[in-house]
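This briefing takes up a few side-chain environments, beginning with a charge and a ring and moving on to aromatic pairs and a single buried position.

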Amino acid sequence: MQILGNTTLATMLPSTVSYGLVKNGAVALREGKIAWAGPETDLPASYADWPREDLGGRLITPALVDCHTHIVFGGNRAREFELRLEGASYEEVARAGGGIVSTVTATRAASEDELVSDALPRVDALLAEGVTTIEIKSGYGLDIETELRMLRAARRIGRERPVQVRTSFLGAHAVPAEYKNRADAYIDEICLPALTEAADEGLVDAVDGFCEGIAFNPAQIERVFKRAEILGLPVKLHAEQLSDLGGTALAARYGALSADHLEYLGADGIAAMAESGTVAVLLPGAFYTLRETQLPPVQALRDAGVPMAIATDCNPGSSPLTSLLLAMNMACTLFRMTPEEALAGATRIAAQALGLADAGTIEAGKRSDLAIWNVSEPAELAYRIGFNPLHKRIFAGTS
């Protein structure tokens, strides 16, 4: 039991008050949950004898949630980075055997221990910025054995670090070299069996796919979604990153938790998301790294009431980013989101994108996953570049 007092709370609850702000606030923590939160003058008498920590006016926000990462992988793609700077496009690199497929070779060669040990420094960088929940995708194995190994490694990270890990099966990420021009056979022989085995082993929290010309078409993705539906798993989708194939509308028909990237998203997809409640996950790290010029339709999403999350998209090729704070800054500077939208997108809405009802806001009954910051106002979190003002991270009540 503990009281955190003399603080400003950015509760991130929907409110007429910006950031759900509570000045001169306090939070009561008990058994890994938030027992009470509000103005310190309203603190119930029953909490009077609890140990109290004076935070000296610091800001408390919900802990950050990185709702889209590929943080488990083998090798790196620094040479590909050079090629793109020399003029090759992302699609050209992929079609020449680079991109996702080039990471597959290194990931297949890595043991589970190696995948975990390589990922932990990247995970630690996120934790050092106040992140307590990370989504981790498979998708660099593209065979049954390696897809399962990646998911087991992701689960281990949640045991080896104080972080909540949510896993997404991304077997429909790319067509491996041995199935070139046989994408349907790959879905039948590798993707669907791997998904079923992973679900049977309890390794999957959601099912993802990459609906794009260099990956899978909507009909192929729908076959994966139908298997997810049979297995009782929610879906999400990489969609409309390089073109508009209608993947977002498909995802919305299946009640997807999120559709991610969305640079080429059109009006029909936006309307479908608004109707289904699907979250738009925007990934400014990939936009920046690939030097894209097609902006996601932020104002149209805003006008339609589609919730927008922010994530790092940490991966070896298109977004080697391990700073969610920097992703928030990029969302503001590149996508013209407001600092409040960016913070909501990395807390409350990011939790929504993962189907988590117990995270993302400061209110009684939620997990006591909190971030305490050496800042005077919440806009500072998105305003600074390359500066980490975290004072303390609290995960399930423990700092």
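In this predicted model, R122 lies over the face of F73, at 3.7 Å from the ring centre. The ring of F73 also takes part in an aromatic pair with Y140, and the points below follow that pair before turning to other aromatic residues and to T278.

**Aromatic pairs**
- The count of aromatic pairs comes to six, and among them F73 and Y140 are arranged edge-to-face, with 6.4 Å from centre to centre and 85° between the planes.
- Because F73 lies in the loop between β6 (64-66) and α1 (78-85), and Y140 in the loop between β7 (131-137) and α5 (144-160), this pair ties together parts that are 67 residues apart in sequence.
- F73 counts as buried at 6% relative accessibility, and Y140 counts as buried at 2%.
- Y186 and F216 form a stacked pair, with centres 6.0 Å apart and 25° between the planes.
- Since Y186 lies in helix α6 (residues 183-200) and F216 in the loop between β9 (206-211) and α7 (218-231), the pair ties together parts 30 residues apart in sequence.
- Both Y186 and F216 are buried, and together with Y179 they form one aromatic cluster.

**Surroundings of T278**
- T278 is placed in the loop between α9 (267-276) and β12 (279-282), where T278 is buried, with a relative accessible area of 1%.
- A polar atom of the T278 side chain lies 2.8 Å from the backbone oxygen of A256.
- Leaving aside neighbours within four places in sequence, the contacts of T278 include A252, G255, A256, L257, M273, V306 and P307.

Key: Residues numbered from 1 in each chain as written. Predicted model: local features only at pLDDT ≥ 70, side-chain atom pairs only at ≥ 80, totals over all residues. Heavy atoms only, no water. Helix = DSSP H or I, 4+ residues; strand = E, 2+ residues; numbered from the N terminus. Buried < 20%, exposed > 50% of the residue type's maximum accessible area, 1.4 Å probe, protein only. Polar contact = N/O pair within 3.5 Å; in protein donor to acceptor, adjacent residues only side chain to side chain. Contact = heavy atoms within 4.5 Å. Phe/Tyr/Trp six-rings, centres within 6.5 Å; stacked < 30°, edge-to-face > 60°. Lys NZ or Arg CZ within 6 Å of the ring centre and 35° of its normal.
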